[in-house]
Amino acid sequence: LPALFSLPEFTTCTEKRMAPKSSKPSIVWQVYVHKLRAWAPPISVKLEDLENSEEGASFIPARPHLILVVDTSTGKFLTSKEDENGKGEDVNIVRGPEPPSNEYIVEYIEKILKNPKVLNERDGEEEEEKESKTKKIEKPTKIVFACTKTATNTDTSDEESCSYVKGTRNLLKKLDIQTGFASVPREIIEKIIREQIEPNMNPPAEEWSTEHLPGLMESVDGFTPKFGLSLFAAAIQYLSAVTQHGEKLEKIKFFNIEYGLRLDENNKATLSCCVTIDHSNCTLTVYKNEAEAKKIIEELEKEEGEEVDMTKKSLQNCLFLGEELSPFEDIDAKEKYDWPCAASAGEDTSGEEVKERDMYPVFTKMDFEEDGTLTIRRPQLVELQMFEVALNAISASLLNPDQNKIGIQMTSYAMKGEPTEVKAFIEARDGTDSGGVTAAENISEKVGKLDIA
């Protein structure tokens with residue numbers, strides 16, 4: 001990690017931005033606890049056990065936390081020359097799943113004061129420090145904190161959202177250090193963490209998968225935190241209904257949905273789609289209509305050896321995946337904006353029961369091109385609204401087992417995060433899965449065999 005910090009130009013920018021106006025300023029450090037977009041063995045797993053095991057230990061990976069300390073008056077990134085336990089683990093990286101405690105943060109600060117190391121030394125500075133072995137860094141008069149959830153919060157009076165502000169206050173008061181909150185400069189997040197640290201902590205991907213998709217907030221034009229809340233809540237309701245009413249679901253092959261939207265005072269639109277559900281994993285697939293759904297399923301359920309023609313066809317899926325298979329940006333948005341997630345208990349790779357884990361709804365659109373390639377991307381805003389309507393409508397349908405046709409009224413937040421009333425009609429069509437193989441399972445199998453653009 002120390003070798004990653006060699007950015008004299010960036011440091012100058014940081015110094016200029018943070019330079020105090022007073023000639024005798026108080027010394028302020030920024031401590032940023034960042035949840036890395038990387039996976040590592042959880043803290044409960046001993047690294048030496050992994051090294052000594054021929055088969056490797058079984059565990060659910062967790063995201064480690066980086067503790068970044070910056071002297072705002074000099075732009076220097078600080079750490080300690082000590083490691084965590086004498087076994088080579090970086091003291092500024094704490095393995096998950098839990099974030100570093102208040103006590104750990106304060107102990108780390110004390111280690112920096114006793115045995116400091118500057119990560120972004122400029123030419124000549126390192127030699128000067130070697131010549132002056134007694135050189136010490138000055139103790140800060142104040143430390144301002146931020147965490148991943150609050151990194152971009154511009155309200156400097158906000159001492160509640162980042163728990164470290166008050167959590168370390170009494171401990172740091174013993175060192176005569178005050179605490180406060182401050183957001184993190186964008187350059188630190190983008191130029192150092194995103195571009196330098198995280199890529200070095202992630203091994204090169206051997207194959208493409210869903211965790212490489214961009215986040216909904218970052219890639220869907222017009223997507224808002226309110227719509228994220230509404231969409232994730234609809235997904236929870238759907239997953240609960242599907243798991244509790246599997247008996248009725250087994251008799252249904254298609255859900256045909258039609259709904260109306262008021263575009264403005266003078267214009268309305270009527271949209272429709274056909275939906276299928278994979279009974280084995282609750283994956284929801286959206287088609288343009290029932291005729292298209294039948295054609296695609298017929299292609300995907302062909303016997304092995306038969307030619308499958310998916311040219312110029314398109315599918316949209318809502319999959320329910322564990323955290324380690326979900327896009328990092330969606331995970332961070334869920335934590336930042338308090339989007340709900342469905343919890344599911346399961347087993348780890350060793351077959352042991354594990355505690356409930358968050359299951360993320362991952363929305364994808366698959367376009368099969370003429371040259372045989374498959375493009376996978378995030379759906380557009382209006383397509384995500386169709387998912388929102390479908391998830392709510394199917395939930396209502398399954399909760400009314402005696403009716404195959406029902407109407408619902410719901411509120412959507414897709415358009416600029418503002419509430420929009422939507423009236424939908426859903427019809428459940430009886431049928432059985434051909435050959436016991438679902439369309440979603442066949443698609444998953446074929447994705448690995450196709451080139452991905």
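Here are four short exercises on the structure above, each with a worked solution.

The model is predicted, so local features need pLDDT of at least 70 and side-chain atom pairs count only at pLDDT 80 or more, while totals for chains, interfaces and linings use all residues. Residues are numbered from 1 along each chain as its sequence is written, and side-chain values use heavy atoms, with hydrogens and water left out.

**Exercise 1.** Find how many helices and strands the protein chain has, and what share of its residues is buried.

*Solution.* Start with the DSSP runs: helices are H or I with at least four residues, strands are E with at least two, and both are numbered from the N terminus. That gives 14 helices and 16 strands. Next comes burial, where buried means under 20% relative accessible area, exposed over 50%, and partly exposed in between (1.4 Å probe, protein chains only). Of the chain's 453 residues, 46% are buried.

**Exercise 2.** Classify the ring pair Tyr337 and Trp339, then place both residues by burial.

*Solution.* Rings of Phe, Tyr and Trp (its six-membered ring) pair if their centres lie within 6.5 Å; planes under 30 degrees apart are stacked, over 60 edge-to-face, and the rest tilted. The rule yields eight aromatic pairs. For Tyr337 and Trp339 the centres are 6.0 Å apart and the planes sit at 25 degrees, so this pair is stacked. Now burial: Tyr337, at 32% relative accessibility, is partly exposed, whereas Trp339, at 2%, is buried. Both rings belong to one aromatic cluster with Phe223, Phe227 and Phe232.

**Exercise 3.** Describe how helices H9 and H13 pack.

*Solution.* Two numbers do the job: the angle between the axes and the distance between them. Axes are lines fitted to C-alpha atoms over the stretch in contact, with angles running from 0 to 180 degrees between N-to-C directions. H9 (residues 225-244) and H13 (residues 381-398) pack at about 35 degrees, with axes 8 Å apart. Then look at who touches whom, contact being heavy atoms within 4.5 Å. Residues of H9 including Phe227, Leu231 and Tyr238 meet a set in H13 that includes Leu384, Phe387 and Leu391. By class, this contact has 13 nonpolar, five polar and one charged residues (nonpolar: Ala, Val, Leu, Ile, Met, Phe, Trp, Tyr, Cys and Pro; charged: Asp, Glu, Lys and Arg; polar: the others, Gly among them).

**Exercise 4.** Is Thr420 buried or exposed, and what does Thr420 contact?

*Solution.* Locate Thr420 in strand S16 (residues 420-430). Thr420 has a relative accessible area of 17%, so it is buried. Leaving aside neighbours within four places in sequence, Thr420 contacts Met410, Thr411, Ser412 and Met415.
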